[in-house]
Protein chains: 8
Amino acid sequence: MDQEQLRNLLDQVKSGTVEIDAAMERMRHLPFEDLGFAKLDHHRALRHGMPEVIFGLGKTPEQVGELATHLLEQARNILITRADPDMAKLVCELVPDAEYFPLSGAIRVWRDRTLTGKGTIAVISAGTSDIPVAQEAQVTAEVMGNRVDSIFDIGVAGIHRLMSNRERITEARVVVVCAGMEGALPSVVGGLVSAPVIAVPTSVGYGASFHGLAALLGMLNSCASNVTVVNIDNGFGAAYVASLINRL
Amino acid sequence: MDQEQLRNLLDQVKSGTVEIDAAMERMRHLPFEDLGFAKLDHHRALRHGMPEVIFGLGKTPEQVGELATHLLEQARNILITRADPDMAKLVCELVPDAEYFPLSGAIRVWRDRTLTGKGTIAVISAGTSDIPVAQEAQVTAEVMGNRVDSIFDIGVAGIHRLMSNRERITEARVVVVCAGMEGALPSVVGGLVSAPVIAVPTSVGYGASFHGLAALLGMLNSCASNVTVVNIDNGFGAAYVASLINRL
Amino acid sequence: MDQEQLRNLLDQVKSGTVEIDAAMERMRHLPFEDLGFAKLDHHRALRHGMPEVIFGLGKTPEQVGELATHLLEQARNILITRADPDMAKLVCELVPDAEYFPLSGAIRVWRDRTLTGKGTIAVISAGTSDIPVAQEAQVTAEVMGNRVDSIFDIGVAGIHRLMSNRERITEARVVVVCAGMEGALPSVVGGLVSAPVIAVPTSVGYGASFHGLAALLGMLNSCASNVTVVNIDNGFGAAYVASLINRL
Amino acid sequence: MDQEQLRNLLDQVKSGTVEIDAAMERMRHLPFEDLGFAKLDHHRALRHGMPEVIFGLGKTPEQVGELATHLLEQARNILITRADPDMAKLVCELVPDAEYFPLSGAIRVWRDRTLTGKGTIAVISAGTSDIPVAQEAQVTAEVMGNRVDSIFDIGVAGIHRLMSNRERITEARVVVVCAGMEGALPSVVGGLVSAPVIAVPTSVGYGASFHGLAALLGMLNSCASNVTVVNIDNGFGAAYVASLINRL
Amino acid sequence: MDQEQLRNLLDQVKSGTVEIDAAMERMRHLPFEDLGFAKLDHHRALRHGMPEVIFGLGKTPEQVGELATHLLEQARNILITRADPDMAKLVCELVPDAEYFPLSGAIRVWRDRTLTGKGTIAVISAGTSDIPVAQEAQVTAEVMGNRVDSIFDIGVAGIHRLMSNRERITEARVVVVCAGMEGALPSVVGGLVSAPVIAVPTSVGYGASFHGLAALLGMLNSCASNVTVVNIDNGFGAAYVASLINRL
Amino acid sequence: MDQEQLRNLLDQVKSGTVEIDAAMERMRHLPFEDLGFAKLDHHRALRHGMPEVIFGLGKTPEQVGELATHLLEQARNILITRADPDMAKLVCELVPDAEYFPLSGAIRVWRDRTLTGKGTIAVISAGTSDIPVAQEAQVTAEVMGNRVDSIFDIGVAGIHRLMSNRERITEARVVVVCAGMEGALPSVVGGLVSAPVIAVPTSVGYGASFHGLAALLGMLNSCASNVTVVNIDNGFGAAYVASLINRL
Amino acid sequence: MDQEQLRNLLDQVKSGTVEIDAAMERMRHLPFEDLGFAKLDHHRALRHGMPEVIFGLGKTPEQVGELATHLLEQARNILITRADPDMAKLVCELVPDAEYFPLSGAIRVWRDRTLTGKGTIAVISAGTSDIPVAQEAQVTAEVMGNRVDSIFDIGVAGIHRLMSNRERITEARVVVVCAGMEGALPSVVGGLVSAPVIAVPTSVGYGASFHGLAALLGMLNSCASNVTVVNIDNGFGAAYVASLINRL
Amino acid sequence: MDQEQLRNLLDQVKSGTVEIDAAMERMRHLPFEDLGFAKLDHHRALRHGMPEVIFGLGKTPEQVGELATHLLEQARNILITRADPDMAKLVCELVPDAEYFPLSGAIRVWRDRTLTGKGTIAVISAGTSDIPVAQEAQVTAEVMGNRVDSIFDIGVAGIHRLMSNRERITEARVVVVCAGMEGALPSVVGGLVSAPVIAVPTSVGYGASFHGLAALLGMLNSCASNVTVVNIDNGFGAAYVASLINRL
């Protein structure tokens with residue numbers, strides 16, 4: 001072990017077996033992480049309570065199953081995103097308390113339900129077709145220790161539905177907004193609240209939506225100053241950042 | 001003249017100077033518009049009261065001046081779009097009752113102020129930077145014989161400003177909405193009214209607005225079903241179509 | 001219920017149980033829609049006769065079937081767009097008078113056939129491959145209470161076919177034009193008529209048509225001033241706006 | 001005044017001059033903002049200490065000067081972004097304690113220097129050419145009441161410079177990272193810290209940078225989960241969101 | 001028949017039954033094609049020998065079969081492009097002398113083998129993957145009455161193969177060049193010959209070929225002045241134009 | 001000189017001074033063009049009567065002037081494209097019979113006016129703004145020895161103007177069509193004539209024309225089979241190919 | 001044979017049967033490659049040890065099998081890229097010592113294992129999803145005679161993993177870096193080493209990765225000066241160039 | 001100094017003043033570069049003879065002048081890229097032996113002319129307009145210690161010019177090819193040589209060249225396997241990599 005190597009080297013310096021110049025020379029060749037790893041661990045500690053995450057897409061059910069059982073030897077919570085029904089079937093057999101969310105393809109093992117987030121994260125979606133992405137955000141934010149208030153299907157073309165949920169939205173400490181098509185909802189929500197808004201463009205739409213590009217560009221150009229943006233359909237990423245903010 | 005040519009030919013048929021077969025042969029070579037022109041004139045009649053329009057961009061002040069004075073021999077109203085100050089200076093000297101609108105670059109001679117539109121056209125803009133495009137729409141709609149209600153600077157991030165103008169907007173028979181950046185305003189307005197909404201993306205913005213592309217895509221993907229779209233910065237075109245609709 | 005809450009509050013004001021200042025404070029926290037909803041209903045009334053619409057894409061046959069039967073408890077006409085044969089099979093079993101249009105994937109229940117549109121809507125398509133989109137427009141416009149004159153397969157490369165239909169086109173009060181590939185038909189039609197033209201780019205084509213982008217850009221740049229544009233393949237949206245205009 | 005109208009109406013209810021039903025009817029027609037404005041003010045209160053902001057681009061020096069002096073009658077801090085030297089000259093004459101930052105074009109009046117942010121915001125830039133955007137972020141974050149630690153010119157191709165600043169970066173509560181060209185810095189920083197990272201793509205570069213598009217896409221696809229993105233060159237927006245987060 | 005209508009009208013003019021003014025009025029309402037059709041036929045006559053063409057993509061085997069048998073009642077040659085094996089099977093049953101070319105999906109009935117082209121059309125392809133498009137061009141050019149010299153698989157990275165075919169290429173009266181990937185072959189061929197070169201970008205490639213976009217842009221920017229371009233994979237169109245040129 | 005080198009070598013073979021094997025080895029190192037040049041000259045001879053061409057853009061007036069005078073020592077006709085007024089001034093001083101065409105920036109020395117083209121080339125433009133490109137095509141086609149029939153300003157939105165010029169267009173042996181905005185004119189023209197149509201998209205337009213991209217895509221997707229396309233604004237290239245075709 | 005033709009001609013010159021002028025004339029018509037081929041062979045000789053390569057995509061298993069057995073009559077090493085399992089099954093039956101690499105779809109026959117590369121080629125990949133591309137690079141580089149050091153799964157968001165492999169990376173003579181998503185790894189690696197870095201963008205990612213475009217643009221804009229780029233997913237090409245460099 | 005700090009710490013360990021555990025703790029907080037710097041220097045040593053480089057774009061003449069004089073205190077060679085005439089004037093005054101290359105905007109101080117490259121680097125450009133980029137490559141490669149063979153103006157449309165320079169090109173150890181428009185030259189060159197080819201797309205062209213995008217895509221899709229690509233107009237980067245390769 002590297003910590004050991006360093007200690008041995010210092011022992012040798014202390015005992016005079018190794019000259020200081022030679023020690024310095026050898027220290028240059030020690031792997032970087034020997035010295036930096038503790039710091040990185042410290043960072044990881046700050047993230048305490050975060051689940052282990054597996055990105056399911058492109059893996060086989062067997063790979064996902066093995067990874068999941070392996071991680072559960074140490075972690076209490078795990079989250080698998082973009083899983084298909086075959087993965088879900090296998091994981092749920094291996095891990096009986098795993099939940100599967102078919103719309104979003106999320107699988108969750110949620111054993112430690114401590115709330116580490118200080119407030120509520122609102123997860124809002126514009127249309128019913130955006131719910132899969134919003135569900136990924138909701139499931140993620142919950143397993144990361146947050147109270148989540150999900151408010152689905154309040155698009156900008158029916159502004160009264162949005163307005164009648166204003167109270168709930170303004171009570172959130174962080175807001176995640178998922179919208180496809182023109183992607184206008186984050187701007188409207190951003191104007192109503194003073195909390196940070198994380199906008200998730202979805203690939204919902206057809207034709208000139210260009211698989212979410214229209215929504216993405218719209219959100220990047222939001223006239224509301226409290227809006228930041230993540231990748232198309234990245235409900236996980238939005239909830240991850242929202243969780244970090246909610247712990248502050 | 002072609003009408004004359006046809007009449008002469010028929011005279012010759014009647015008098016037997018020309019055989020029917022020969023006449024049919026010759027008629028095939030008559031210019032198309034001899035027969036179609038009247039119909040097209042009829043169409044133009046339907047457009048009665050529409051001003052003559054000059055697209056200023058790329059012309060010299062002299063060309064615009066000459067065109068304007070020439071058209072005014074027959075027309076009572078003319079509209080020059082995308083004019084620069086030099087054009088304006090010359091036209092206003094030549095035509096003392098011409099008005100210049102520096103923001104939009106429109107020049108208007110408005111002698112026949114008959115209202116041919118049946119209701120009001122609302123012209124709405126999202127931000128102050130969108131006003132040049134909205135002004136082009138307003139000036140155009142007015143000179144085409146419409147009552148215009150201009151409501152500027154009611155962006156979606158300040159939804160209360162929009163809501164407090166709801167009455168005025170719902171009273172319009174047609175609505176023109178100009179917006180840059182994320183271009184979300186037409187969707188919100190479209191959800192509030194049952195009138196046709198004509199959306200004008202503007203090139204206002206920077207970075208990922210890509211000179212109006214973000215707003216354009218947003219509007220094409222509007223979740224409000226009563227929205228149609230014109231080219232970026234095309235306030236004139238939106239007002240032109242709105243005028244046609246308002247006459248129905 | 002919120003109307004009830006407001007009435008109770010006013011009762012308390014009247015009886016002196018609640019002070020006016022306290023009442024005003026509490027009214028600020030009443031949900032928005034309590035006061036605004038009537039107005040929105042009024043808007044919906046303006047849209048009287050419009051069918052209820054279900055966007056089929058991405059839903060299961062069961063979901064669509066349930067929605068359809070539910071809506072038919074109150075509505076006389078319903079329209080389902082982008083339905084697949086399985087949906088159609090189930091809906092037609094549940095609702096025997098439902099019609100299925102396989103080309104466009106539209107399903108229609110058309111019980112109230114009152115004409116609410118004042119004139120005819122012409123629905124024109126450029127090529128045979130554009131017919132699915134044109135059919136969606138036609139079916140939509142009909143169920144929304146309009147006489148529809150469908151003129152299919154009159155592309156710009158065979159201008160004589162277009163010209164020989166000129167009479168029918170000029171008689172329409174609103175014109176919907178569906179075209180893929182270069183998308184040139186709306187410009188030519190726009191030059192022939194004085195009615196508003198709603199252009200629908202279709203995804204018909206290959207290579208540099210980029211799934212309808214070529215047609216979309218062409219239509220947005222139309223040199224005919226009476227043309228507005230909707231999203232690629234959005235026959236429904238074009239017919240919806242055409243219906244609104246035709247009721248004016 | 002609308003508050004007055006409501007009070008009068010309640011007086012009439014109390015005195016019995018107006019029936020409750022009639023009162024409810026009339027309340028529906030009160031402008032929306034009468035009731036909603038207080039709530040919005042409340043939101044604004046949450047934003048207490050935020051400066052008034054003027055977007056300079058496209059305005060004249062006179063307009064900016066007038067706006068600035070007008071706002072300073074009520075606000076203690078103002079921020080003008082994207083100002084040119086002429087604006088700066090005029091504003092500095094009108095407001096002697098205004099500071100001008102030529103690189104970013106920011107003008108700042110910073111009278112209330114209360115720290116409202118709980119921790120430090122790190123503002124990092126990749127190359128010297130990114131400093132204008134980073135400066136806009138720094139100036140914004142400071143005037144919004146935050147301690148700012150600016151670490152400029154630590155690009156990913158010289159990873160040792162980044163690593164030697166790791167301590168400072170990990171101490172920040174929120175991190176803003178500005179980078180042009182390939183826009184890789186936020187991913188590397190995101191992997192080092194557990195704080196939220198707000199990435200600002202800059203338009204720095206040439207050729208296939210496509211005015212910041214390369215950096216924007218890179219950041220949206222960051223493999224670090226704690227990264228969100230704002231528009232190209234939008235240093236202001238990043239600092240605004242960072243300020244909101246830092247107050248939580 | 002319309003020719004008949006016109007003759008009757010002229011008869012009535014001659015006999016005095018119809019006044020000249022009335023005749024002129026009625027002639028305005030005659031369908032456009034009555035007068036223009038002969039001319040169009042004349043054009044079609046210029047195209048004498050051209051086969052009837054069916055675009056197979058998106059049609060059912062039955063539709064294609066019916067169209068083919070119908071057209072063969074009048075035409076001696078027909079060409080079906082983008083046909084799949086099912087279409088081919090059915091057509092070959094219905095029309096025993098039909099040839100099927102599986103690579104390109106072309107089906108050809110070639111009964112009239114008169115050479116109407118004055119010289120040879122060279123059809124060149126860059127790589128083996130481009131052969132389907134080149135085959136479509138070859139089959140088309142042959143059935144349109146041209147001698148075709150097909151020279152496949154002579155890409156620019158093996159310039160000696162191109163150079164050793166220089167003689168054959170320079171003997172052609174028109175040259176069609178099909179190339180995917182970087183699409184450089186038309187420029188090199190264009191520099192070797194003085195004949196018109198029609199470039200066909202193919203969708204061959206992966207990654208940054210973007211389905212033929214790279215080749216398309218390359219060909220449009222060719223530094224050889226004798227190159228024009230058709231749509232991606234449009235071997236038919238290139239051969240059609242080449243045939244028109246080869247008849248001149 | 002290389003021809004000389006080869007002759008010497010053969011002399012040495014004949015005299016036995018050099019062995020055949022050695023001669024073959026040395027011949028491999030002779031420059032390529034020694035053997036190929038004659039053939040290439042032959043090609044150039046086929047292009048007999050073509051002018052020498054200078055692309056003015058990016059050169060200094062002095063460079064252009066020197067090139068022009070140098071070329072005129074051997075050539076009778078020269079064409080300079082994309083020249084600015086300063087170039088024109090200098091060239092016209094150096095070459096008194098040079099003509100300058102300010103709209104297109106073409107400069108022409110046209111001493112040999114032999115007609116080498118067999119028929120007429122029609123050069124058509126859609127709008128007045130397209131004339132500069134059309135003029136470049138016209139000037140080029142003329143100096144290359146063709147009769148040119150220029151028909152400007154016949155856009156598709158005024159189809160009657162196009163139809164009334166049908167005779168002239170159908171008489172052309174090759175047609176060049178220049179159009180910006182939606183670029184629809186080549187399709188309509190292509191449907192009217194049986195001659196090859198060379199389409200030139202122009203950068204005329206704004207907003208979603210994207211500097212000619214809309215027109216370019218439209219033309220590449222033309223539903224008329226006799227249309228090929230050149231680069232945006234490339235009037236020269238279109239006329240060059242038209243000239244080659246017109247000589248066949 | 002052409003070499004023979006030339007020898008015969010020289011024989012005739014030597015014997016006086018053919019005049020020198022006539023010989024020179026005939027030599028002009030000898031196929032180009034007769035004289036150039038040796039040189040090209042010489043080039044190929046420089047590439048000695050390179051395997052024969054078959055691009056599997058789009059071929060049938062039978063075609064690939066036949067090509068492979070044919071090439072193995074002369075070559076000792078062959079590489080088949082982008083092969084599917086059916087191809088692999090057939091080839092492995094025909095060539096028992098063939099290896100199949102399912103992740104990348106490579107099939108390799110590696111009989112001559114001479115090391116022709118002077119140093120080590122490091123093949124680095126950012127994430128596990130990039131391994132297929134990296135594997136293609138590794139398999140290619142090995143069969144081309146290089147020692148390969150594969151270092152997988154060291155993305156920039158976990159910089160310590162990269163740093164702890166710094167020694168291995170800096171020992172490489174050429175470095176191939178495969179990365180999807182934001183494509184930042186080549187910049188970081190480029191900054192650590194002084195060897196040439198060949199960057200391979202992969203299509204790994206979703207949403208705004210646009211099938212590898214984000215990674216491609218990022219790599220083209222790398223702030224490290226020692227980075228060049230190949231096409232998306234082109235592991236083969238990167239390894240091919242790396243092999244050429246490693247032989248220098 | 002950090003080396004000093006480490007030595008002191010080891011001294012204290014040796015003398016027993018500091019416990020080993022405490023020493024290990026403190027070593028974790030030493031700046032990263034203390035340990036890594038030597039290694040990085042070692043890398044820099046590998047790059048020995050490379051000039052110091054200043055990117056001129058966006059800097060003032062004064063900044064460039066100061067940087068240049070500062071760097072020349074230690075470096076013998078410096079290269080300034082993208083300099084304008086004002087920079088050049090100032091630098092040439094300050095550094096009399098500086099050379100200015102106006103076409104490319106390069107300024108070079110070349111005092112140490114040792115050849116560190118083992119062979120020749122060929123720098124090839126397609127057209128005269130590409131020479132500025134090629135010149136940047138040439139100047140860069142020379143000052144980095146390479147023999148450079150510049151072969152300009154050998155585009156693919158005049159293949160004989162390329163072929164007659166084949167000898168010179170094949171003698172190069174590395175080849176840099178600069179080309180705009182269709183960017184086809186690297187593929188042709190790549191097929192002729194076995195050396196690595198570094199392709200530089202240039203922004204030369206107009207219309208559908210889209211500022212170098214066409215050339216860039218073409219080069220990325222090159223069918224020659226020995227081609228890698230750098231950013232548009234990045235002559236410097238290509239020469240830098242070529243220099244690294246030429247030292248191997």
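This passage describes a predicted model, moving from the relation between two chains to a strand pair and then to a single serine. Residues are numbered from 1 along each chain as its sequence is written, chains are lettered from A and ligands numbered from 1 in the order in which they are written. Local features need pLDDT of at least 70, side-chain atom pairs count only at pLDDT 80 or more, totals for chains, interfaces and linings use all residues, and side-chain values use heavy atoms, with hydrogens and water left out.

Chain D is superposed on chain A, with an RMSD of 0.2 Å, by a rotation of 180 degrees with 0.1 Å of shift along its axis, the fit being by least squares on the C-alpha atoms of residues with pLDDT of at least 70 in both. The two copies are thus related as by a two-fold rotation axis, and the C-alpha of chain D nearest that axis belongs to D:Val229, 2.5 Å from it.

In chain C, strand S1 (residues 52–55) runs parallel to strand S2 (residues 77–81) and is joined to it by 4 bridges, where pairing requires that DSSP find at least two bridges and strands are DSSP runs (E, at least two residues). In S2(C), C:Ile78 is the bridge partner of C:Glu52.

D:Ser222 lies in the loop between helix H10 (213–220) and strand S9 (227–229) of chain D, helices being DSSP runs of H or I with at least four residues. At 13% relative accessibility, D:Ser222 counts as buried (under 20% relative accessible area, 1.4 Å probe, protein chains only). Leaving aside residues up to four places away in sequence, D:Ser222 touches D:Ser187, D:Val227, G:Met181 and G:Glu182, contact meaning heavy atoms within 4.5 Å.

Technical notes
Buried means under 20% relative accessible area, exposed over 50%, partly exposed in between (1.4 Å probe, protein chains only).
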